[in-house]
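User: I have a few questions about how this protein packs. Please keep the answers short and show the reasoning.

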Amino acid sequence: MALTFDKLPVNTLVGADWKTFKELTRGQQIGKPYRRKYLLTKSVCRLLSLLNPIEDAKYRKIADRPIEHDPLFILGHWRSGTTFVHNIFALDKHFGYTTTYQTVFPHLMLWGQPFFKKSMASLMPDKRPTDNMELQVDLPQEEEFALSNMMPYTFYNFWFFPQRWMEYCDRFLTFEKITEEERTVFKEVFLRLVKVSLVNTNGTQYLSKNPPHTGRIRTLLEMFPNAKFIYLKRNPYTVFESTRSFFSNTIKSLMLQDISQEQLVANIIETYKRLFDRYEADKDLIPEGNLIEVKFEDFEHNAFDMTQEIYHRLNIPGFEEAEADIKKYLDKKKGYKKNKYQYDANTVRTVEENWQKALELWGYSL
């Protein structure tokens, strides 16, 4: 029987390579309540890392394989509907993507996957915390967790060490303070992730859903000059309530040091502003015709027609082949119960004092 997130004895760093684990945790303060989880995670990580040379040898056989098409990136702040859009596009079999299994065990992909996947499935919760989205080992997943197990230069370090949240934001989310050496490693590691994901899912074009990429447009275009981008906008009042709930619950199973609820909320507020500003500053770098901005409320209201429109406007092939599967998926989702949010006075004040630019630019109001 699957465990719930708050009962997991380890965090996702069990799948990190030993070099990444050591560099990430060096000098970090591990909170006393989390010592047991840290030590068990460290032990499993060290043991599994002994198998990495086998994966590396397998990867060398595909490392020079060219990428046929530049990726499609689904961008937007957390809780902006990126998962829903990701799941729809992943029904198109020409797309390849990073799986949930791969996010935890990116070094156990090209060999030994059946055994480790079965073990993971037996322990993994069936649903994401705070919402009803399904979790399965082979479902598409955002790749930042995989990247956090492949190098120490990712924003998701904040889940483990939240006291350094804003440092990680400036270095590894917006890339404002990243070194050129770190950025070079990021590009090399991400390219490997893309190639392995395509082989694993038999895709010809990589489909990315990763909110942190919203702050990395300049680097992504250096890697993939003709990449396509979908940017999702959503009511900031809803995003604030949903992000606060989601982060507050998710971080409990991952963190290795304490953070107060007040500081967590303050960090969410500031991260949103910095990510919003970085995207707005860089989006004009995307070649004309390669970016579409969508209000999630509009997409949710008419997902099938808007999906077809996105295919057409971004000149993406394959809609006709995926059409039946997309219709079937959306029909199943008609009964899906979403969380409903009531905006109290504090939420309204917080959003209007801090995220006014988004409210005005996107035309949202109460």
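User: Leaving aside its neighbours within four places in sequence, which residues is Phe190 in contact with?

Analyst: This is a predicted model. Contact here means heavy atoms within 4.5 Å. With the neighbours within four places in sequence left aside, the partners of Phe190 are Phe73, Glu143, Leu147, Tyr206, His213, Leu220, Met223 and Phe224.

User: Which residues have the most contacts inside the largest nonpolar core, and which helix gives the largest share of this core?

Analyst: The largest nonpolar core has 73 residues, and those with the most contacts inside it are Phe155, Trp159, Trp165, Phe190 and Phe247. The largest share of this core is 8 residues, and it comes from helix H13 (residues 261-282).

User: How many residues are in the second, separate core?

Analyst: Leu72, Val294, Phe296 and Ala303 are included in this second core, which is separate. Its size is 28 residues.

User: Is strand S1 mostly covered or mostly uncovered, and how many of its residues are buried?

Analyst: Buried means under 20% relative accessible area. Strand S1 spans residues 69-75 and is mostly covered. Of its 7 residues, the number buried is 5.

User: Which strands pair with S1, and which residues stand opposite Leu72 and Phe73?

Analyst: S1 is joined to strand S3 (residues 205-209) by 4 bridges, and the two run parallel. S1 also pairs with strand S4 (residues 228-233) in the parallel sense, over 4 bridges. Opposite Leu72 in S3 stands Leu207, and opposite Phe73 in S4 stands Phe229.

User: Why does H4 count as roughly perpendicular to H15?

Analyst: Helix H4 (residues 82-89) packs on helix H15 (residues 303-313) with the axes 12 Å apart and at an angle of about 70°. Angles of 65 to 115 degrees count as roughly perpendicular. H4 is therefore, relative to H15, roughly perpendicular.

User: Which residues of H15 are met by H4, and how many residues of this contact are charged?

Analyst: From H4, the residues involved are Phe84, Ile88 and Phe89; in H15 they meet Ala303, Thr307, Ile310 and Tyr311. The residues of the contact divide into 6 nonpolar and 1 polar, and the charged ones number none.

User: Does Ala57 count as buried, partly exposed or exposed, and how many Å is Ala57 from Leu110?

Analyst: Ala57 lies in helix H3 (residues 52-60). Because its relative accessibility is 30%, Ala57 counts as partly exposed. Ala57 and Leu110 are 53 residues apart in sequence, and their C-alpha to C-alpha distance in space is 9.5 Å.

Technical notes: Residues numbered from 1 in each chain as written. Predicted model: local features only at pLDDT ≥ 70, side-chain atom pairs only at ≥ 80, totals over all residues. Heavy atoms only, no water. Core = buried A, V, L, I, M, F, W, Y, C linked by side-chain atoms within 4.5 Å. Buried < 20%, exposed > 50% of the residue type's maximum accessible area, 1.4 Å probe, protein only. Pairing = 2+ DSSP bridges. Axes fitted to C-alpha atoms, helices over the stretch in contact; angles between N-to-C directions. Parallel < 35°, antiparallel > 145°, perpendicular 65-115°, else oblique. Nonpolar A, V, L, I, M, F, W, Y, C, P; charged D, E, K, R; others polar.
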